[in-house]
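Hi,

Here is the structure I promised to pass on. Have a look at it first, and my notes follow below.

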Amino acid sequence: RSALYAETRDLPPVTRDGTRINLFMNAGLLVDLPQLAESGADGIGLYRTEVPFMVRREFPDVAAQTRLYGRVLEQTGDKPVVFRTLDVGGDKALPYWRGNDEENPAMGWRALRIGLDRPVILRQQLRALIRAAAGRELRVMFPMVTAVAELERARDLVELERARAQSLGEDLPSTIRVGAMMEVPALLWQLPQLLAVTDFIAVGSNDLFQYVFASDRGNPRLARRYDPLSPPGLRLLLSLADEARKAGVDVSVCGEMAGQPLDALALIGCGLRNLSMAPRAVPAVRATVRSVDLPPLARLMRELAEARDHSVRERLRGYARDRGI
Ligand code: PEP
Ligand code: MG
C-alpha cells in the first residue's frame, strides 16, 4: 500500500485536457488519518462521526467529542475536513441507543431525523465541533436530509451554538460552511430551494441509489441487479451536476461508487469534480483521472443517458479500454 501511495501521491489529479478533479478521502477513526498524507488526497470529504460513537459504550460528552474532533483537525493540517453529524439508525446501530426496533429501519427514525427530534444530542455535537475548529474553517454536513426545512432547522442549530460560543467569549471558527447530504430522492426535486440555503452538497450514492432503485444497499442478492451506470442513474447525476454548477454550489460524491475507477469515470463525465473515497482507492482513481480526455467522455455520458440499456457499464468499459483509460 505505502509503495503505491508513494509512487502516485504527488501526481496531480488533472485530466488530459487540464481539468482538476479533487480527490478526497473518507474517514471515521483517528487511525485512518495518516492515510491523508500518504495518499496525497486533497482533504477529508466525509468524516463519519458515528464511527467513534459506535465503538464506545455510551455517548461521548462534549469534552470528549471536542478532543476527538480537535485531533482530527490537528492531523489534517491545512486540508479541509467535512464532518458529518451523527448518522445512526438504518444500517448503523449504537449498542447503547434504543429506538431501532423498527419494521423498516432504512426508512426509519435515523440520522438528522433523530438529531432534530433530540436536539440536545445534535447541539452537543455542534458545540464540540465549533470548539474544536476555533480559529479555522469548520465544514459540517447533515445526513439524510429529506426536506429543505430540515436543513434550515439544522442550520439554525449551528447558528444557536455559534452565538452561544460567542456569548461565552470562546474563540470561534473562522468560517462555518454547512452542507446537506443528497441521499433521499425527494431532495432532487427541491434543488432550487436547497441550493439557495446550502453551502455544498455531498451525494451519498450508497443511500441515494438504494432509495432510487428501492434496493437494499446491503443485500448481496440485489447487489448487481440495478446499476447507477444506467440511463436513470446518469440522468440523475447529469442534472444534479448541471444545476449545482449553475447555482455555483460545490457538489461532491462520497459513496462507494466514487472509489470505483469505472464509476468515477462516469461521475466526472457527468460533470462532477469532487470525489471522496476510501483512501486505498485514491491511487487507482487518480490514474483514471489522469488518463481521461473529458470533452468526448462528457458527450458519451449524455448519449448513454438516453440509451435503452438496463446498464451501460459494459459500454463504458469498452470505451475506457479502447482509449487506454
Ligand atoms: C452514502 O450513503 O453513500 C454515504 C456516503 O453515507 P454512508 O455510507 O455512511 O451511509
Ligand atoms: Mg448514507
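How many nonpolar, polar and charged residues does the shell around ligand 1 have? By class there are 2 nonpolar, 4 polar and 4 charged residues (Ala, Val, Leu, Ile, Met, Phe, Trp, Tyr, Cys and Pro count as nonpolar, Asp, Glu, Lys and Arg as charged, and the others, Gly among them, as polar).

Before the rest, a word on conventions. This is a predicted model, in which local features need pLDDT of at least 70 and side-chain atom pairs count only at pLDDT 80 or more, while totals for chains, interfaces and linings use all residues. Residues are numbered from 1 along each chain as its sequence is written, with chains lettered from A and ligands numbered from 1 in the order in which they are written.

Around ligand 1 sit Leu46, Arg48, Asp87, Glu183, Gly204, Ser205, Asn206, Asp207, Cys254 and Gly255 (C-beta, placed from the backbone, within 6 Å of the ligand). Two elements, β2 (44-48) and α9 (205-212), give two or more residues each, and α9 has the largest share with 3 residues (helices are DSSP runs of H or I, at least four residues, and strands of E, at least two, numbered from the N terminus).

As for the fold, 8 strands close into a barrel in the order β1-β2-β3-β4-β5-β6-β7-β8, with parallel pairing (at least two DSSP bridges between two strands). Within the barrel, 5 bridges join β4 (residues 138-142) to β5 (residues 176-182), and Leu138 stands opposite Ile176 in β5.

Best wishes
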